[in-house]
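This report describes selected local features of a protein model with bound metals. It proceeds from the metal sites to the backbone and then to helix packing.

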Amino acid sequence: MPPQPRPLGGQSPPVEQAPACGVDPAKLCQGEYAIRVKSHIAVLAAPLLTGCGGRHSWLAGAGAEARIIETLFWPFLFGAAVLWLAVMALAIAAFRSRREETRGLVRAIIIGGGAIVPGIIVAALLVIGLVTLRALAAMQPGLSVQVDGEQWWWRVVYDTPAGAVVTANEIRLPRGETAELLLSSDDVIHAFWAPALGGKMDMIPGRTNRLTLTPLTPGSWGGLCAEYCGGAHAQMRFDVTVMEPAAFGDWLAAEAEPASAQALARQDGLSVFLDSGCGACHSVRGTEAAGQVGPDLTHFAARQRLGAGIAPLTDAALRRWITRTQDMKPGVEMPAYPDLSPEALDALVGFLMALK
Ligand code: HEC
Ligand SMILES: [Cu+2]
């Protein structure tokens with residue numbers, strides 16, 4: 001089989017695409033210094049620009065918390081810039097002054113400015129930071145979602161009046177409502193981060209950390225694990241889908257239901273699923289599969305992506321996931337099933353894709 005490209009979850013590698021490199025090869029060959037410097041700066045700056053747009057951008061302001069955090073960023077940037085410029089100006093002045101008397105004056109300014117002005121600016125930034133923290137802590141949740149980090153996927157449990165609703169790898173939230181995420185981990189330390197919506201929070205085994213998200217803009221926002229947690233850490237992603245409240249209510253009610261009749265009618269696929277032992281690790285409510293090791297698959301086909309956000313959910317990707325799991329996600333804690341007959345694989349994929 002020909003080698004296939006590894007899906008990397010949608011983010012483009014910035015460095016190879018840096019501009020300026022191909023501007024004029026002849027000039028570069030002549031070793032024109034200015035062009036070289038410019039292209040080096042472009043290459044070095046390119047990774048910084050990847051944070052400035054798209055579904056992973058913390059500047060997208062898609063949530064109330066992200067906007068609160070943004071108000072913290074600009075004063076900090078401004079404060080740091082003022083400090084840096086002042087220190088540089090004074091350092092240059094001290095360096096250039098020849099006369100003894102101005103030298104003393106400049107030294108005094110540097111010492112005073114090195115303690116007093118930075119002290120005031122840092123204290124002001126601290127106050128702004130504490131006020132922001134209070135604003136974040138004061139958000140009152142209307143919805144509670146428990147999210148557990150697993151190697152390398154996300155277990156998601158909605159706490160509803162009718163009971164717990166279990167799903168995985170995609171968190172849906174109603175627009176305009178504050179949701180409280182109760183974050184924990186079943187193995188090592190992970191960190192939950194959906195930059196467009198709000199802050200980042202560690203997920204620590206044995207304790208529960210609380211993070212609120214108040215989404216303001218409907219759409220599908222990207223999230224990722226932000227704490228190195230092992231081999232497939234970079235492929236531990238998720239989607240936060242922000243819906244209108246009524247549509248969210250419908251979705252949650254559907255998620256609480258057992259597997260659809262259409263899926264259960266696919267007897268052949270269900271048999272392959274059960275006979276292959278998938279049910280030892282996966283639950284499909286409404287069947288005898290009740291495993292807890294892997295993601296709940298009861299409404300698997302209602303998700304947008306496969307394998308914790310690493311590929312769009314299509315027939316072809318799902319076939320590859322089942323038969324060549326390790327190729328798709330090196331280190332994954334699911335065995336591959338390369339020996340299923342073509343008919344069995346067809347039936348299995350048909351069954352899984354009917355789990356809407
Ligand atoms: C030993 C336990 C185990 C067995 C057996 C197992 N899986 Fe998995 N499966 C997992 C784990 C763990 C994951 C999550 C992997 C990840 O994303 O890192 C997973 C993920 C999946 C996913 C992706 C879910 C999602 O939300 O994207 C599908 C689909 C899946 N398995 C189907 C199957 C099928 C079909 C079988 C049987 C042919 C099977 N699994 C057997 C452990 C298992
Ligand atoms: Cu991680």
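## Metal sites and local geometry

The site of the copper ion (ligand 2) is tetrahedral, with angles of 87 to 127 degrees among its four donor atoms. The model is predicted, and the values given here are computed from it. The copper ion (ligand 2) is coordinated by the SG atoms of C225 and C229, the O atom of E227 and the ND1 atom of H233, at 2.0 to 2.6 Å. Along the sequence, the donor residues of this copper ion follow the spacing C-x1-E-x1-C-x3-H. Two of these donor residues can be described by their accessibility. E227 has a relative accessibility of 32% and therefore counts as partly exposed, whereas C229, at 5%, counts as buried.

The second metal site concerns the iron atom of ligand 1. Its protein donors are H282, through NE2, and M334, through SD, lying 1.9 to 2.2 Å from the iron atom. The site of this iron atom is octahedral, with angles of 84 to 179 degrees among its six donor atoms. H282 belongs to the loop between α7 and β11, and M334 to the loop between α9 (325-328) and α10, so the pair ties together parts that are 52 residues apart in sequence. H282 is buried, with a relative accessible area of 12%. M334 also counts as buried, since its relative accessibility is 19% and the cut-off for burial is under 20%.

The backbone has several features that deserve attention. Q151 and W152 are joined by a cis peptide bond, with omega about 0 degrees. W152 lies in the loop that connects β1 (143-150) with β2 (153-160). Positive phi values occur at N169 and A308, neither of which is a glycine. The table below sets out these two residues.

| Residue | Phi | Loop | Relative accessibility |
|---|---|---|---|
| N169 | near 65 degrees | between β3 (163-168) and β4 (170-174) | 8%, buried |
| A308 | about 60 degrees | between β11 (305-306) and β12 (311-312) | 1%, buried |

Helix packing is considered next. Two packed helices are described by the angle between their axes and the distance between the axes. The axes of helix α7 (residues 267-275) and helix α10 (residues 342-353) come within 7 Å and cross at roughly 100 degrees. Angles of 65 to 115 degrees count as roughly perpendicular, and α7 and α10 are therefore roughly perpendicular to each other.

Which residues of α7 meet α10? On the α7 side they are D268, G269, L270, V272 and F273, and on the α10 side A344, A347, L348, F351 and L352. The residues of this contact of α7 with α10 divide into eight nonpolar, one polar and one charged. The helices also relate to the iron site through their adjoining loops: H282 is in the loop between α7 and β11, and M334 is in the loop between α9 and α10.

A further residue of interest is T132, which is found in helix α4 (residues 100-137). Is T132 buried or exposed? At 7% relative accessibility, T132 counts as buried. When residues up to four places away in sequence are not counted, T132 touches I68 and L72.

Methods:
Residues are numbered from 1 along each chain as its sequence is written. Chains are lettered from A and ligands numbered from 1 in the order in which they are written. This is a predicted model: local features need pLDDT of at least 70, side-chain atom pairs count only at pLDDT 80 or more; totals for chains, interfaces and linings use all residues. Side-chain values use heavy atoms; hydrogens and water are left out. Axes are lines fitted to C-alpha atoms, for helices over the stretch in contact, and angles run from 0 to 180 degrees between N-to-C directions. Helices (H or I, at least four residues) and strands (E, at least two) are DSSP runs, numbered from the N terminus. Angles under 35 degrees count as roughly parallel, over 145 as roughly antiparallel, 65 to 115 as roughly perpendicular and the rest as oblique. Contact means heavy atoms within 4.5 Å. Ala, Val, Leu, Ile, Met, Phe, Trp, Tyr, Cys and Pro count as nonpolar, Asp, Glu, Lys and Arg as charged, and the others, Gly among them, as polar. Donors are N, O and S atoms within 2.8 Å of the metal (3.2 Å for Na, K and Ca); water is not among the atoms, so sites may look incomplete. Four donors count as tetrahedral if all angles lie between 85 and 135 degrees; four count as square planar and six as octahedral if opposite donors are over 155 degrees apart and all others between 65 and 115; anything else is irregular. Buried means under 20% relative accessible area, exposed over 50%, partly exposed in between (1.4 Å probe, protein chains only).
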